[in-house]
Amino acid sequence: MKTHLVCCILSAVAVVTACGNQNGKQAAGNGMPVFLDDSKTMDERVEDALSRMTLEEKVTVLHAQSKFSSAGVPRLGLPEVWMSDGPHGIRPEVLWDKWEQAGWTSDSCTAFPALTALSATWNPEMSRLYGKSIGEEARYRKKDVLLGPGVNINRTPLNGRSFEYFGEDPYLTSRMVVPYVQGVQGNGVAACVKHFALNNQETNRFTTDVNVDDRTLYEIYLPAFKAAVQEGGAWAIMGSYNLYKGQWNCHNQYLLNDILKKEWGFDGVVVSDWGGTHDTKEAVENGLDMEFGTWTDGLKSMASNSYDSYYLANPYLEGLKSGKYDMQTLDDKVRRVLRLMYRTNMDKNRPYGSFASPEHAAAARKIGDEAIVLLKNEGVLPIKDAKKILVVGENAIKMMTVGGGSSSLKVKKEYSPLEGIKERFKDADVEYERGYIGDVGGEYNGVSTGQDLSESRFAEQLLKDAVTAAKNAEYVIFIGGLNKSDHQDAEGADRLSYSLPYSQDTVIEALASVAPKLVVVNISGNAVAMPWADMVPAIIQDWYLGSEAGHSLADVLSGDVNPSGKLPFTIGATLDDYPIKTAEQYPGVPGEEKRLGTNMATIMNETYSEGIFVGYRWFDKEKITPVFPFGHGLSYTTFEIGEPSMVGSAERGITFKVSVKNTGSVAGAETVELYISDAECSVERPEKELKGFAKVFLEPGETKVAEITIDKSALSFFDAGKHAWVAEKGDFQALFGTSSRDICRTVKFTY
Ligand code: GLC
């Protein structure tokens, strides 16, 4: 890579010097043109590069030249910009112009846990490790932009892409996304935080126009993006497919110009989602900087010469030449792209990365170990000295790294739960029964799992065989849940039911009737109905953990790892427990017709009338008892939370200190969650809101003091009338707990 870059630079220097500095620009004292001189500041280099670019060159860097790349300026030695999905690993290479596989043999990656799993660790250091590791893989694959992470809030448990996001709470999502972004960008690879904004479902994702009040927008749906930009320093943001206030979000004046660039001071690039650009004038004037994935009017979709017809290609160039569009707006876009280049592929000091390494597998396993959530355990786990274990369920064997949409991967290796269990419990007799048939597919975008999941037995026989085997087993581990097929945990379509698919409930209940030591492992990216929760002695919320899935699960089942995960979303009994009640709320109701590409489309108007009452905020407000609450997660040991103390003031910052003692016999970690309650306020507020947390690792008998610091922002609500965050004077409560429903300590204070 270095050689290539130096050649580019030398050739550019030669060109610039040979034909005289274009525009009569003088080279820096050392003979090196400023834009190529890394002793100069980025802004100096950007301005010098901009001054040397022709109008055509400026336009050409604003749009794709292939499926995942945009052009550079060869004449000046400015390289192409290459992008790649996704949030959980680096997507296998596709052909220049097509979604088909390029057929490389060197792009089998590490699949890291899904981001809902990362969130469940409640450990920002795991996010930093994650970002660094995935950034190294992107860097090694010569990708300048990683199309992730996604930070959309889990508004409905039906959302097909929840597995790619951090759950239902904006504060948890904010704390976890910042180190991920920093970890990625430490490799000289831009994180492209997505999907900005209000992309909280997959159903009608291209045509949903979201109507949401400002307070809800600022308190629930924007914080994670704001944190990623202002604290994480994100170099790129991806606009979302849907609409807000009648404008497509890939070119939305309110979101991109008013909020992202003006209010938040974002100096990076706004990248469209693939195919999310629909109009040149809007794209020019409403904040889009780089157009990707468009299948433009008048040309065959995905035609190789369609790039010149992109909305920000020739139509934009013609508009600039005719005076329809101003040069100032153009230069702002180009400056942002140039900054992206100088932060990535023009930084010759950036590291070289690494790919599918043992270190990355270890990182995936470590994150997975901390992500698994022990929901219930009545004396069954951990499994010790087992003689006969029966594993039941398709998710014990089915590869989950293939499928689910753009986050789908081609992995070097994926350890299945059954493999992990067999490897760890090698002294036991481990048998397997399918239990049910789910999705026998195993191919996405030309990548195949190679698994043959075909099954000749029918459901009744599968159930009968599983129950018969269970009667003769000491432990029965049911491993089911959702998968990455359509209408499950997958992009492009939402779930059609809150219940587990494939009659899994029937299988679980049948096993519960014959197996006293039954463990149910639910693998999903969303909450699911658990009607059998009272019948089952042990329940684990597992996730799509990627390459090391089987190892992490076995680590926890065996007690080699003491589980410390906490739920990043609420698990309700039924879909009715959640705030969405009407078609207007979801999936939306038909509205106007709007041009979408070469066709007209019916816009679906959707109103977030539940407002800020999403997730536990709603369950608290409506006094609904969840099956398992937000923030819940057990351990193989026990902990004692001491009486908190507080110092400081809301103006200068309040630091709470709270002791945590491991009162059990094995090492473990507990997360102290701090919720703020503002009972007396001029506006309705949630009963409590997460505003701090600290994860503490303790040996048996050890005590540590957790410190959580808050400032006035933790007391504030967004006053839409003033368009400002407001903390009203009065009494507040700091609620300390081990879940949103297990509050064990309270500190009253006044602001
Ligand atoms: C997809 C997704 C986005 C992804 C992009 C490129 O449609 O919405 O998350 O990064 O297109 O594959």
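# Asking why: pairs and packing in a predicted model

Visitor: What makes the meeting of Asp331 and Lys58 a salt bridge?
Guide: In this predicted model, the side chains of Asp331 and Lys58 come together with 2.9 Å from N to O. The rule asks for a Lys or Arg nitrogen within 4 Å of a carboxyl oxygen of Asp or Glu, so this pair qualifies.

Visitor: How do you know that Asp331 and Lys58 link distant parts of the chain?
Guide: Asp331 belongs to helix H12 (residues 327-343) and Lys58 to helix H3 (residues 55-60), which puts them 273 residues apart. Both Asp331 and Lys58 are also buried.

Visitor: How many salt bridges does this rule count?
Guide: The count comes to 52. As background, side chains of opposite charge can pair when their charged atoms come close.

Visitor: What makes Asp85 and Lys194 a salt bridge?
Guide: Their N to O distance is 3.7 Å, and the cut-off is 4 Å, so the pair counts. Asp85 sits in the loop between strand S2 (81-84) and helix H4 (115-120), while Lys194 is in strand S4, 109 residues apart. Asp85 and Lys194 are both buried.

Visitor: Why are Glu433 and Arg457 said to tie together parts of the chain?
Guide: Their side chains form a salt bridge, at 3.3 Å from N to O. Glu433 is in strand S12 and Arg457 in the loop between strand S14 (447-448) and helix H15 (459-471), so the pair joins parts that are 24 residues apart in sequence.

Visitor: Is Glu433 buried or exposed?
Guide: Glu433 has a relative accessible area of 15%. Buried means under 20%, so Glu433 is buried.

Visitor: Why is Arg457 called partly exposed?
Guide: Arg457 has a relative accessible area of 26%. That falls between the 20% limit for buried and the 50% limit for exposed, so partly exposed is the right label. Glu433 and Arg457 also belong to a network of salt bridges that includes Glu394, Arg434, Glu455 and Asp465.

Visitor: Now for the rings: how many aromatic pairs are found?
Guide: A search of the whole structure gives 30.

Visitor: Why is the pair of Phe196 and Trp264 called tilted?
Guide: The ring centres are 5.9 Å apart and the planes meet at 55 degrees. The distance is within 6.5 Å, so the rings pair, and the angle lies between the 30 and 60 degree limits, so the pair is tilted. Phe196 is in strand S4 (residues 190-196) and Trp264 in the loop between helix H9 (253-263) and strand S9 (269-271), so the pair ties together parts 68 residues apart in sequence. Phe196 is buried at 0% relative accessible area, and Trp264 is buried at 7%.

Visitor: What makes the pair of Phe732 and Phe749 stacked?
Guide: The planes are 20 degrees apart, and the centres 5.9 Å. Planes under 30 degrees apart count as stacked, so the name fits. Phe732 is in strand S28 (residues 731-739) and Phe749 in strand S29 (residues 742-750), so the pair connects parts 17 residues apart. Phe732 and Phe749 are both buried.

Visitor: Where does the charged end of Lys484 sit?
Guide: The charged end of Lys484 is over the ring of Tyr544, 4.7 Å from its centre. Similarly, Arg424 lies over the face of Phe425, at 5.6 Å from the ring centre.

Visitor: How do you know which part of H14 the buried residues line?
Guide: In helix H14 (residues 417-424), Pro417, Leu418, Gly420 and Ile421 are buried. Looking down the axis, the buried residues fall within an arc of 160 degrees, so they line one face of the helix. They pack against strands S11 (388-392), S12 (429-433), S15 (475-481) and S16 (518-523), and helix H17 (549-558).

Visitor: Which residues have the most contacts inside the largest nonpolar core?
Guide: That core has 195 residues, and the ones with the most contacts inside it are Leu78, Phe196, Leu338, Leu381 and Ile389. Leaving out residues up to four places away in sequence, Ile389 touches several others, among them Phe425, Val430 and Ile477. A second, separate core of 25 residues includes Leu698 and Phe736.

Visitor: Why does Glu689 count as buried?
Guide: Glu689 has 5% relative accessibility, and the limit is under 20%, so Glu689 is buried. Glu689 lies in strand S24 (residues 689-698). Neighbours within four places in sequence aside, its contacts include Glu219, Arg617 and Tyr675.

Methods: Residues numbered from 1 in each chain as written. Predicted model: local features only at pLDDT ≥ 70, side-chain atom pairs only at ≥ 80, totals over all residues. Heavy atoms only, no water. Phe/Tyr/Trp six-rings, centres within 6.5 Å; stacked < 30°, edge-to-face > 60°. Helix = DSSP H or I, 4+ residues; strand = E, 2+ residues; numbered from the N terminus. Buried < 20%, exposed > 50% of the residue type's maximum accessible area, 1.4 Å probe, protein only. Lys NZ or Arg CZ within 6 Å of the ring centre and 35° of its normal. Arc of directions from axis to C-beta. Contact = heavy atoms within 4.5 Å. Core = buried A, V, L, I, M, F, W, Y, C linked by side-chain atoms within 4.5 Å.
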